[in-house]
Structure formats: C-alpha cells, structure tokens
Amino acid sequence: MKTHKYTVAVFTENFIGLLTRITLIFTRRHVNIESITVSESEVRGVHRYTLVVKTTEDVVQRIVQQIEKQVEALKAFYYREEEIIHQEIALYKVSTKFLDGQHNLEKLIRDNHARMLSLDSEYLVIEKTGHKHETQALLEELQPFGVLEFVRSGRVSVAKRMKELSEYLDEMETELQARVEAGKNQ
Amino acid sequence: MKGAEAVIQSLLAEGVDTIFGYPGGAIMPVYDSLFDFTDQIHHVLVRHEQGAVHAAQGYARTSGRVGVCLATSGPGATNLITGLADAMIDSTPVVCITGQVASHLLGTDAFQETDVVGVSMPVSKWNIQVTRAKDIPAAMAKAFYIAKSGRPGPVLIDITKDAQFGDLEYTYTHCTQLRSYNPCPAPAQHAIKKAAELINNAKKPFLLVGQGIILSGAENELKELVEKSGIPFAWTLMGLSAMPTDHPLNMGMLGMHGNYAPNIKTNECDVLIAVGMRFDDRVTGDVNRYARQAKIIHIEIDQAEVNKNIAADVPVIGDAREVLEDLLPLVNENNHEEWIGEFLALRAIEEEKVSQEELFPEKEGLTMPEIIRRVSEKTKGEAILVTDVGQHQMAASRYFGFNKTRSNVTSGGLGTMGFALPASLGAKLGVPDREVVAVIGDGGFQMNMQELATIRQTHAAVKIVILNNNFLGMVRQWQQLFFDRRYSFTEMENPDFVKLGEAFHIPSARVSERGDVDAAISKMLESEGPYLLEVMVEKEDNVFPMVPTGAAVSEIRLS
C-alpha cells in the first residue's frame, strides 16, 4: 500500500498525560511523527492536536480509531493534503553582516513574502509563513550568508469541509444522552 | 477526613469487599486507614505485587466485579505492570491504586519514586495521578466507571503521599458518564438487519464466540440465537465456557492449538459471524488467507477492533447482548444438519488421529490430556479452570468440560507465565462456593510460586495441579518442530514440588503411575483446603493439532 502524507486532527479534553497517550499510538506502530502542534480550539475547553505523519491509509485509519478510543479524546480525523488548508511559520536569525550592502534585503523579503521581525546590532530576525517547501526555500537562500538560528513550527491546519466541531460534539452529546437515559452506557 | 480514608470510603462506595495488596512507604497512610475497616474489606496480603494484580484479575473474571489492588510506589508499582498489560489485552476490569512520593518530591528521583503513570500508560485503559486529597473521590469514581464500562480494562490511580495525608470534605458521587467517552454505542439497526439477511440466506454459516459474550452477559441470547438458527459455533480461548461444552452446536476451539474442524471450516463457511472477539493472530493464522470466501459479520463493542485485523462486510458496533437481542427476532428458524455433519466428520478424524491416544494412552507415560480428562470428569463440568501458559494450557482448553459461564480463567492475549497460581486464588475468592482447579506447568508455577504462602494464609481451597514434564514444553515443542531439536535452555531441573508445597503447609502429593491418578485426583478434590498435586507427565509430548505460524487456519496439522 502506498504511503502518503496525512494530517491527523484530534480534539480532546484538557487532561494531563493525554499527549503521551496519543503519541504512543503512533510510535507503537513505528510511525514517525513529523510535526505536532497543540492548541485550543474554537470550542472553549476543547484542545486540538495537529499531527503530520507519512504512512499508509489503513495504518492512519487504525491510528485514528485507537486515538478516539482514548477516554479523553472527543474526536479524531485524518486528512490528505488536498482536504485541508495548512500553514507553518519559520523564523530565521541572520547576522547583521548580511546588511553589507551587497545583498538586497528588500528584494529577498519581497520575493519571499517574508517580513523582518526584529533588528539588533548583531542580528536580524526574519519571519516567513507558508508551506514547508516555501520556508525551506528561503532557508536555502539565506544559508550561504550564515543562518545563526532557524526554527520551523509544526503544521496548523483547518479542514475544508464545512461541518463544525460543535456539530460533531452535539451529535455525540445527543447519542450519549440517549444511551444514558436508556441506562445503557455501562 | 484524610485522603487515605477517602480512598477506603470510595472503595466501600463502589461495593468493594476484597482487595489484593502489599504495603510499603508511599501507601502507608492508606494501609493505616484500612486497619480500621477490616470488618468491611478483606485485604489479601500477597507475596509479590504481580501476584496481587493477577489475583485481582482472577477475582474479576469469575465474579464479574472489578478487581482491586493496592501497592506502594516504585518497585511496588512497577511489579503491577505485567498484570496491567495482561488485563488490558484480555479486557479485565481492574483498578490498581499505587502510592507515590510526596508531590514536592515528584521528579527528584526520590526514594522509591517511579513515574508509574508514564510507565503504565501503554498498558492501561486510563490512569491518573492525584496530588490533592480533595481530588481523590472523583478520581476513584472515574476509575471504577472506566474500568468496568464498555470494553473493560485496567486503570491505575497514583496517589501522592501528601494527598493521602491531606484533608478533604468527603462526598462521593458515582461516575455515570463522561462527555468524551461513549463506552457502549447504540448498535445501528440497519447493520443488524443486514446481518440478519446474510444469516438467513447463508448455507454454511459459522459463529465465533469471543469473551465479549461473557463480558456482556449474552450467554442466553447466544444460546437462543444458535439454537433458533441452527448455526454451529466455536469459541476462542477467551470465549471458553460461554456455553456448555457439550452443546450439540459446539464445534470446539479456534486457533493455533484449537480443534481441527472449526479451523478448517473457517475457510469454507459462507457467512462468518464473529461476536465479541478481536481476530487475534493466534485465531486467524495468515490473515490474507483467512475466511476470504465468507461474508464477515463482526459484532464488537470496541470500534477500534473493527477492520483492525480482518475486514468486516457488516460491522455491528455495540454490546454483544444488546445486538444479539435485536438480531434474534430477525433470524429465521433453520437447521444446517448437512453442514454440521461436515464438522463432525472432521472431528472424528481429530479424535482418531489425536485425541484417542492423548486421552486414553496406550503408552506408558502419562499425558497432559488424560489428566485433564480425569479432573474434568470428576468435577463434572462444575469447576472453574485456571490455567497458566503453554502446553498444559492448550491441553486443558481443549479437553476440560464446562457447564457454567465464567469458568475459564487464563492469560490469553499476553500469555503470561506465572499467571495461574495467583489468579486461582483471586478466582476462588471471587466465587467461594465454586470448585477452583488451577492447572499449571512446572515452568509457570515457579514464576509466582511465592503465592502459595498467600493461598495458605487465606485458606483459599484452590486445587493446584502441576503438570510436570521438566521442560518448558511449548518452547521445546517449537524447538523440535522449527529449530532442529536444538533444546536451547528449555530443560528444567526442578525443586521437589511436594516438599515445597508442604513447606508452605499445603497438603501435597505426587503421582507418576497411571493406576494412581484417579485416587490422587479424588483425594485432592475431597480435601477441604488448598491442595497441591504434582503429576509427572511425558517429557517430550507435543500439542496437536497446530496451525504453524504463517500458515492458513485450514492448513492445520494433526501431527
């Protein structure tokens, strides 16, 4: 079976240790996590994890099922690249020697749709958001001049489908309440 | 109230009357509080924490209640891990409470500090660390709810020593629901209808019984279903005893060392109905050649099991009893005599080629199956069978007869040697009125034999049968078949088990002659308290039938 890049989105309660439980599900199956980002979601109290992995569809499917099985996990999804809008942010710390007049900083920033965040006597910090290949391209462009530090965030993404998390949560709540009322949630 | 007493009060609120444990520094406040409640809680002092958790498992499996154990931090807690892993893979409801160093010492490598929440994460259904006394009741309530609801499993609560010493206003509210946890989803009626259609049109239907039948209490519904539809069934190792062994539709055990007919027929049936089981590799053999010709109906409470190993044509997510209740009226009355006849013909082959000589040997040495047969006959299917792991386990699972459900306690998924002795103690305490027979190999017995002391101290009338071949028999069998008879470290020079039993003040005997077996077993069963019987069996017998690793189930070998 062919491997693809998948973005896994997980919505959870805020519970200590859950991050480890979720990552264990990947590592146990020898699936490397390429990036992971945890933040709040649009629903108060619900956290969202965005994980990027390269694997086969049947593996990611099983991983998502195992994640949903975790007591504090509310809902998990997996997406192919074309099903999401995603973004990453990168910071580049470059020596001020860069400003020796031989390099056209303005052109570099313009061409890359980047911006300068900070300028100090010894260094400047450039910020760029974009897909990985874009932030990577700027890194390669800067490298000949000496990049003092480089960091790229994990992926953040939103799904293209219009169904909102709150709708899923409402459906789950309705089903759960029906089970509770029927005395069948034991 | 102190946190330590809140732990005990929470146990009482959950109806707990038996716990298995071992004291130590970080759990001492709880033990101190427990001392005031000895009239309400029977605490069993095991001799090793692994014994506590296996005993709690045995207790849970026979009684249907949650097994509880108590241990201290560090080594006390890590000694529970094997049992947690065992309970996890065999879906056994267990609550483990561990003490932890005071919260200000967390992360300092304090004496007997281990990150047991971290260590137990992959082998627990849920776990939590509690650092404040006021959080104890809610954590306990959640722990019990999660352990027993849906697909049951083990949970662990780690309580720091300062939380045990701390004060709280105690109130207890049972946990009955969690927003993020739907343990028992409503089965989809359209899926049930589709399943019924497949079943009604099937010419060669075959039903697989997993432990889910027992866990959901669906024994009666299953019986009605198979009798109405005339569908032959077979059980997994964990499904044993869900129906009476001698039920005419029972075709035996599935899997690697299961029976001949059900393994072959798995690859010939047209509709395969799997209820409350997870298609373990020991059941399926080569998954790519498993029941490819059949439409598969998978009735299972755990969504994550569906399509995990075997793709289902009709998955039905839900509690087995609920699903079977709904399915029952939709299924037509039928019989499949000709199809069943095919099973019986294969059974006759197995009897002729394997069972006859095993059960009624003409050779001199004693066989494991003949001993199992004798014990089974004498207990008339009324006993609870506890087995360890290895050849004796397979022999016992094939030949022991059951009349009642919840009568088989074994380590299925994890294959934990050393399980049976402590589990038999828990099994007996779970249902004190029933006879409990533990069948154990000489290897596995020595892995937790310290629990003889616990058995002695509790006077639990466990009947221990050691089938001694002075070998790690199953490994030796594989070495013989697949490693050119290179018996690498499988032969054992064993202690004198009779003297050992007697050293623990447990009446013990040894038998090695066929003529003495009957009397020896009778004496064991007639004795009042615990009893140890060592049976010297043939050194190099093999367990057959066998589905070799990587083979299809239909390639099962008789020799």
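How far apart are the end C-alpha atoms of helix H15 of chain B? Just 28 Å, although H15(B) has 23 residues, 337-359, and a straight helix would reach 33 Å at 1.5 Å a residue. That expected span is 1.5 Å times one less than the number of residues.

Quick housekeeping: this is a predicted model, where local features need pLDDT of at least 70 and side-chain atom pairs pLDDT 80 or more, while totals for chains, interfaces and linings use all residues. Residues are numbered from 1 along each chain as its sequence is written, with chains lettered from A in the order written. Helices (H or I, at least four residues) and strands (E, at least two) are DSSP runs, numbered from the N terminus.

Okay, back to H15(B). There's a kink of about 50° centred on Glu351(B); the bend is the angle between axes fitted to the seven residues ending there and the seven starting there. Its buried residues include Trp339(B), Phe343(B) and Glu350(B), buried being 20 or more other C-beta atoms within 10 Å of the residue's own, with C-beta atoms placed from the backbone. The buried residues of H15(B) pack against strand S9 (250-253), helix H12 (260-266) and helix H16 (368-379) of chain B.

Now the two chains together. 24 residues of chain A are in contact with 22 of chain B, contact meaning C-beta atoms, placed from the backbone, within 7 Å. On chain A's side, H5(A) gives the most, seven residues.

Last stop, chain B's strands: S1 (18-21) and S2 (42-45) run parallel, joined by four bridges. His42(B) in S2(B) is the bridge partner of Thr18(B).

Conventions:
Two residues are in contact if their C-beta atoms, placed from the backbone, lie within 7 Å. A residue is buried if 20 or more other C-beta atoms lie within 10 Å of its own, exposed if 12 or fewer, and partly exposed in between; C-beta atoms are placed from the backbone. Two strands pair if DSSP finds at least two bridges between them.
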